[in-house]
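Colleague: I am new to this structure and would like a close look at a single part of it. Could you take me slowly through the surroundings of one ligand and whatever connects to them?

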Amino acid sequence: MPKIITLPGDGIGPEVTAAAVEVLREVAPDLTFEEHAIGGAAYDAHGDPFPQRTRDALEHADAVLLGTVGGAQNSPWNSLPRPMRPESGLLALRKALGCYANLRPVRVQPGLEHLSPLKPELARGVDILIVRELLGGVYFDGDRKIDGDTAYNTMRYTTPEVERVAKMAFWAAEQRKGRVTSVDKANVLEVSELWRRDVQALRDREYRSIHLNHEYVDSVAMLIVSDPSRYDVIVTENLFGDILSDLAAVIPGSLGLMPSASLGDGAGLFEPIHGSAPDIAGKGIANPAAAIMSAAMLLRHGLGRSDAANAIERAVALALREEPTRDLGGQADTKTFTNAVLEAMGTPVG
Ligand code: NAD
Ligand code: IPM
Ligand code: MN
């Protein structure tokens, strides 16, 4: 009886997580679920965006399913001391789980090209895996400060940090088309010089069958939307990966179609890449596809149940054809879309 810790969080997080749990219950009735607090909701209830009881619960988790955290631009949460803010709770969670590799697939399923704002011939067949380093770089470096009219953050990486995430990218590429693009800013940054050197050395030592190339992040920002088919696996540091993956959401057509799996030392963390969408929270219209596909990634990468994962992904593709949500130009609300997924899996919906 694998145990899944669910962390719905803020904004649309509870809405999309409920949809994902509903689908998981259908395909894997043996799973048990235990819900805990994270983010702004956890701060409000317990005075901490990553409370001790949530941290303790992780010890018995086989996998963690997260919704979203964070408030609107004018939320009082944004004036809290930084460690108390919702986003800090999420970063502390990732750190606690040791999830250093964040897999963000970008896929246009056959027959769903019309959901993309790109020309159909550009969107067709796109299948990119962005591997984002998740525990290093400017996000976590302690060398940071804001003091009067001066502020700084530090982007620092060590060889072991680069190698462990690069290994994950090479491993993924071995089961795909065997091509990895490492993305950096080595024409300006020393930290990118190290990144590039170490990724190349690892390829030359241990992954000779992989075709590796290196590209600059600014150029990739243009090419990923103008010629997405050139990419198979992209591996990059934390901040570049954050930005490029939201940009890549344009390709399938919405942030609501972007799931993720964060893997590392222990239990995996599975979460949509989008935020709490304060503009639509509480209205029941959020697209739950990213959360549902994150649940599929949980089954595949967290529990080794690829068949169930494939069944969910097939059903989501069908539901997107039949009942597209509003972010995709359709009419379906969260419930209607989730029911369409359940129906596509052969579940009678009452
Ligand atoms: P956002 O991703 O929440 O929203 C950007 C736009 O995309 C909005 O118009 C929103 O309505 C839309 N959108 C996002 N997900 C959607 C979905 N599933 N269905 C339909 N539409 C969707 O980004 P933001 O507005 O910049 O951030 C809002 C809050 O979320 C901030 O507090 C931010 O820090 C936080 N955030 C959290 C996460 C996370 O929990 N992993 C990720 C990104 C942002
Ligand atoms: C994401 C989010 C987070 C990040 C924030 C909310 C801390 O943008 O998951 O992409 O920057 O990693
Ligand atoms: Mn992001």
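Modeller: The residues around ligand 2 are Gly70, Glu87, Leu90, Leu91, Asp242 and Ile273, and I should say at once that this is a predicted model. Sorted by class, this shell holds three nonpolar residues, one polar residue and two charged residues. Its largest share, three residues, is supplied by helix H4, which is therefore the element to follow from here.

Helix H4 runs over residues 86–97 and has 12 residues, and from its first C-alpha to its last it reaches 17 Å, close to the 16 Å expected at 1.5 Å a residue. Within H4, the buried residues are Pro86, Gly89, Leu90, Leu93, Arg94 and Leu97. They lie on the same side of H4, because they cover an arc of only 135 degrees around its axis. The cover over these buried residues includes helix H2 (39–46), strand S3 (63–68), strand S11 (261–263) and strand S12 (268–270). Leu90, one of the buried residues of H4, is also among the residues around ligand 2. After H4 comes Gly98, with a positive phi near 65 degrees.

Arg94 leads on to an annotation, since the unreviewed UniProt entry places the feature "binding site" at Arg94, Arg104, Arg132 and Asp218. These positions are spread over 125 residues of sequence and are spread in space as well, with up to 26.9 Å between C-alpha atoms. Arg104 belongs to strand S4 (residues 101–107), and it counts as buried because 25 other C-beta atoms lie within 10 Å, where 20 or more are required. Leaving aside neighbours within four places in sequence, Arg104 is in contact with Ile130, Arg132, Ser245, Met258, Ser260 and Ile273. Of these contacts, Arg132 is itself one of the annotated positions, while Ile273 is one of the residues around ligand 2. Asp218, by contrast, lies in helix H8 (residues 217–226) and is partly exposed, with 13 other C-beta atoms within 10 Å.

One further residue deserves a careful look, and it concerns the backbone. Most residues other than glycine have a negative phi. Ala277, however, has a positive phi, near 45 degrees, and is found in the loop between S12 and helix H10 (289–302). With 23 C-beta neighbours inside 10 Å, Ala277 counts as buried. Strand S12, at one end of that loop, is also among the elements that cover the buried residues of H4.

How values were computed:
Residues are numbered from 1 along each chain as its sequence is written. Chains are lettered from A and ligands numbered from 1 in the order in which they are written. This is a predicted model: local features need pLDDT of at least 70, side-chain atom pairs count only at pLDDT 80 or more; totals for chains, interfaces and linings use all residues. UniProt positions are given in the numbering used here, feature names are shortened, and annotations may be inferred rather than shown by experiment. Helices (H or I, at least four residues) and strands (E, at least two) are DSSP runs, numbered from the N terminus. A residue is buried if 20 or more other C-beta atoms lie within 10 Å of its own, exposed if 12 or fewer, and partly exposed in between; C-beta atoms are placed from the backbone. Two residues are in contact if their C-beta atoms, placed from the backbone, lie within 7 Å. The expected span of a helix is 1.5 Å times one less than its number of residues. The arc is that of the directions from the helix axis to the C-beta atoms. A residue is near a molecule or strand if its C-beta atom, placed from the backbone, lies within 6 Å of it. Ala, Val, Leu, Ile, Met, Phe, Trp, Tyr, Cys and Pro count as nonpolar, Asp, Glu, Lys and Arg as charged, and the others, Gly among them, as polar.
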